[in-house]
Amino acid sequence: MAAGPALGVCLLASVVLSVDASSVSSWWNLVPRKTVPYSELREVSKRFSRPGVSNYTTLTLADPKGLLYVGAREAIFALSTGSLDPEEQIVWEAPAEKKAECIQKGKNNQTDCFNYIRFLQAYNSSHMYACGTYAFQPKCAYIDLSTFSLDKLSFEDGRGKCPYDPAKGHTGLIVEEELYSATLYNFLGTEPVILRNLGPQYSVKTEHLSTWLNEPHFVGSAFVRESQDSDKGDDDKVYFFFSEQAVEYDCDSDQVVARVARVCKGDVGGARTLQKRWTTFLKARLLCSVPEQQLHFNRIQGTYTLNGDHWRETSFFGVFQARWGDVDVSAVCQYQILDVQKVFDGPYKEYSEIAQKWVRYSDKEPVPRPGACITNWHRHNSFTSSLELPDNTLNFAKKHPLMDKVVSPQGNRPLLVKKDANFTQLVVERVHGLDGKPYQVLYIGTENGWLYKAVVLPSGVHLIEELQVFQEAEPIKSLVLSLQKRVIFVGSNSHVVRLPVADCGKYHTCSDCVLAKDPYCAWTWNGSRCVRIDTYDGISMLFQELHVEPTMCNPLRATKPGNKVTAKNITAMAGTNLVLVCRLTSNLAQTLWTFNGQDLPEGEPSVHYDGRLQALVLLDIAPRHSGKYRCVQLEERNELGSENYVVAVVASPPTRPEARAPLENWGLLWMVVIVLVAVCLVLLLVVFSLRRRLKEELEKGSKAIESTLVYPIELPKAAKSPTFIPSTTSDSDEKLWDPASYYYSDGSLKIVPGHAVCQNGGTAPSPTANGIPGQPLQSPPLPSPNRINLGNLRGSSSNGYIRLNLGAEERPDYGDLAEELRRKLKQRQALPDSNPEESSV
């Protein structure tokens, strides 16, 4: 008997732990149940773009007219919400001189010096108000909706209404023909401002103080009619959302925090203090963090205001980004308007000169309360306008714009957190399910062009699907929801995309439709299809379960008619590997494989499930692997679908080792052959190149040898050679200089030393002025019919040399050679001894 209570306690503990674990997983790093790629989304989406136009980021919806106004770069379009076809178009370009001035000021002529439409809203029933950067000289103008034309002759100065830089943050809205804008007021972007102009009231703006605004990045604004049914006669308010550099923290590094600020609609500034300045400007920190993970989201990227039946039901949603180590993390936090009100009605924060830090203001507050709107109390005490407020109240408001408390999110934690993602924008709507209860559905855009769809359930947030809106990754910069058409418009740099809020037709089974937990989708009771409940006009009963774990779908109506699962027959040879695919239709589903009706044995080395391939891999199969394989997808104990295989393993026929070579080896062999042939061709080219160069060098050498030949001249000993006596007769000379006696057998010329007769008085010829010791003297060549030139002999006490230049045509005539050689030898001086050195010619 005692075992019963103990078992009950254990079961209760397990239930509590499972509930706690599910609550944590409901918001921490959610996994989308479905992933819809770009190829599948194209069938249900519509797209718009124009050549030469980009930056389709300013979207304004006019649902009653069925039009979507799009502000782009130097163009404004009026698109049909149904087909997304252009109805009207305005071209609003910055003039060439403005673009030239923009370039001269150092801005980029490819990205900055154009007219980017940053503000486009309805001014009244007949006109719209548009503002553009206008090549870093902001301009605004009215658009006549009847003709959809822009009055270019009545441009207004856009300072404070539109940013100079198209990349800077900006927000604005028109309330009763008055423009409330938050932007940067000057060219350098160093003067942030929250401004109200147009309309009958005074133009009012913020003080240029770092305690008011310190390098803000504006992302959104909202108008709340808090005067409606107010028992204290409160005023309507305008809220602004931004990130800025915090001034209240004691740290050396700059810290960015998220803020919410508000002003009262009836504020007209002070009389003496804060003239034409906000007297109701207050700001507070927006907190969005996961303290147990030491994760704080301080950079707000976008906001959306979800209105209720009463202004007290208003909710603010914000998307935040943060860096957690090396990981990008994004979050969505929700804030209630009443929680924001409590913070603005709470204590102030001030800088203490004594403590040298920011502390809570603890002294007595001035009366009336600084920063408060004009209420019935003020009117009862003769303060009917902000112009009548006392100076002490206005001075305090000027020095204390920051509130001490922070605005915490609903539930004191984010609705959802997603790692490896950067959220940019979101829109939210309330959708009623079949049970009649409202559910909040979130559409969240990312920097890489994906759109997340989530629903807030009592058990937590459920991420229904992720949609790849753009084929190439690009940021989603704007989202607009049409409640009449039940479509969502996505704006980016390249396109405007129209998507349905739900595509229930992609769910083909009862379990898949119900487990989607999409408030728009329900399964028909007769099991025919998954339909949208807002457009369904049939008579069949609908089945939907959004709360806890859905009940099991009846197998008789679990699938569409005709979707009977048939087994696939596979025949494979033994020794090969086999892959059995089981595609998951849900990212949250798990696979259960059975073999012949039983679970697969654990620890089987030849059987492996690959989660990346979503397949069962059988390695080195054998006849024992033959049988029936079944894959079942399970999600929350519901069967989504199955795959059946009948595998037959046959023995491979005996073959020679050569025949068992796989065919791919032939490809490898051909590759080797091609490489070898290429190497041989390269070597042949190298050989031919070297041969050609060698031939050229040889030809150059032969030409040099032909032009200049040096013959060695050997001088015999004086004792062995006859004494040379010049003769005056030509006959004796001819006999003495017998050419055949002065050549060696190898063709070398013999020179016999002797005494030459000096010319012109017997003096030896002096060398030329440009003679170089040890080198032959240059002399002009003598004409010779046989192309033989004998240079001048070097004047020296020893033997000299003679340079013979021989032509290549024929061997010189011995008679002419002897005559010229004799004439040259007559000019030689007498040798000092009888044993002269051998000379060479």
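This is a tour of selected places in a predicted model, with a selection to make at each stop.

**Stop 1: Thr58**

Select residues 58–62, which make up strand β3, and find Thr58 in that strand. Is Thr58 buried or exposed? With a relative accessible area of 10%, Thr58 falls under the 20% limit and therefore counts as buried.

Now show the residues around Thr58. Leaving aside residues up to four places away in sequence, Thr58 touches Tyr69, Val70 and Gly71, and also Ile117, Arg118, Phe119 and Leu120. Ile117 deserves a closer look: its backbone oxygen lies 2.7 Å from a polar atom of the Thr58 side chain. Then add Gln121 to the selection. Thr58 and Gln121 are 63 residues apart in sequence, and their C-alpha atoms are 9.4 Å apart in space.

**Stop 2: strand β35 and its partners**

Go to residues 496–500, strand β35, where 4 of the 5 residues are buried. Which strands pair with β35? One is β2, residues 46–48, which pairs with β35 in the antiparallel sense over 3 bridges. In this pairing, Arg47 stands opposite Val497. Another is β34, residues 487–491, again antiparallel to β35, over 5 bridges. Here Phe489 stands opposite Arg498. Follow the chain from β34 to β35: a hairpin joins the two through 4 residues.

**Stop 3: the nonpolar cores**

Keep this region in view and select Tyr443, Leu451, Val469, Ile488, Val490, Leu499 and Cys521. These have the most contacts inside the largest nonpolar core, which has 36 residues. Ile488 and Val490 fall within the residue range of β34, and Leu499 falls within that of β35.

Centre the view on Cys521. Not counting residues up to four places away in sequence, Cys521 touches Ala502, Cys504, Tyr507, Cys513, Cys530, Val531, Ile533 and Gln544. A second core, separate from the largest, has 34 residues; Ala222, Tyr239, Ala322 and Val343 are among them. In soluble globular proteins, nonpolar side chains tend to be buried together.

**Stop 4: the largest cavity**

How many cavities of 30 Å³ or more does a search of the whole structure find? The search finds 4. The largest has a volume of about 60 Å³. To locate this largest cavity, select the residues that line it: Asp235, Cys264, Gly266, Asp267, Thr279, Thr280, Ala372, Cys373, Ile374, Ser386 and Leu389.

**Stop 5: Ser385**

From the cavity lining residue Ser386, step to Ser385, in the loop between α5 (376–380) and α6 (391–399). Why does Ser385 count as buried? Its relative accessibility is 19%, and buried means under 20%, so Ser385 meets the cut-off. Not counting residues up to four places away in sequence, Ser385 touches Val268 and Ile374. Ile374 is also one of the residues that line the largest cavity.

**Stop 6: a five-stranded sheet**

Finish with strands β39, β46, β45, β41 and β42. These 5 strands form an open sheet in that order, and the pairing is mixed. Which strands are at the edges? They are β39 (568–573) and β42 (598–599), each of which pairs on one side only.

Inside the sheet, select β45 (residues 627–635) together with β46 (residues 638–650). These strands pair in the antiparallel sense over 9 bridges. For one point in this pairing, show Tyr629 and Tyr645: Tyr629 stands opposite Tyr645 in β46.

Methods. Residues numbered from 1 in each chain as written. Predicted model: local features only at pLDDT ≥ 70, side-chain atom pairs only at ≥ 80, totals over all residues. Heavy atoms only, no water. Buried < 20%, exposed > 50% of the residue type's maximum accessible area, 1.4 Å probe, protein only. Contact = heavy atoms within 4.5 Å. Polar contact = N/O pair within 3.5 Å; in protein donor to acceptor, adjacent residues only side chain to side chain. Pairing = 2+ DSSP bridges. Core = buried A, V, L, I, M, F, W, Y, C linked by side-chain atoms within 4.5 Å. 1 Å grid on protein atoms, 1.4 Å probe; cavity = no way out; pocket = protein on both sides within 12 Å on 5 of 7 lines; lining within 4 Å. Points joined across faces, edges and corners; volume = space filled by probe spheres on them.
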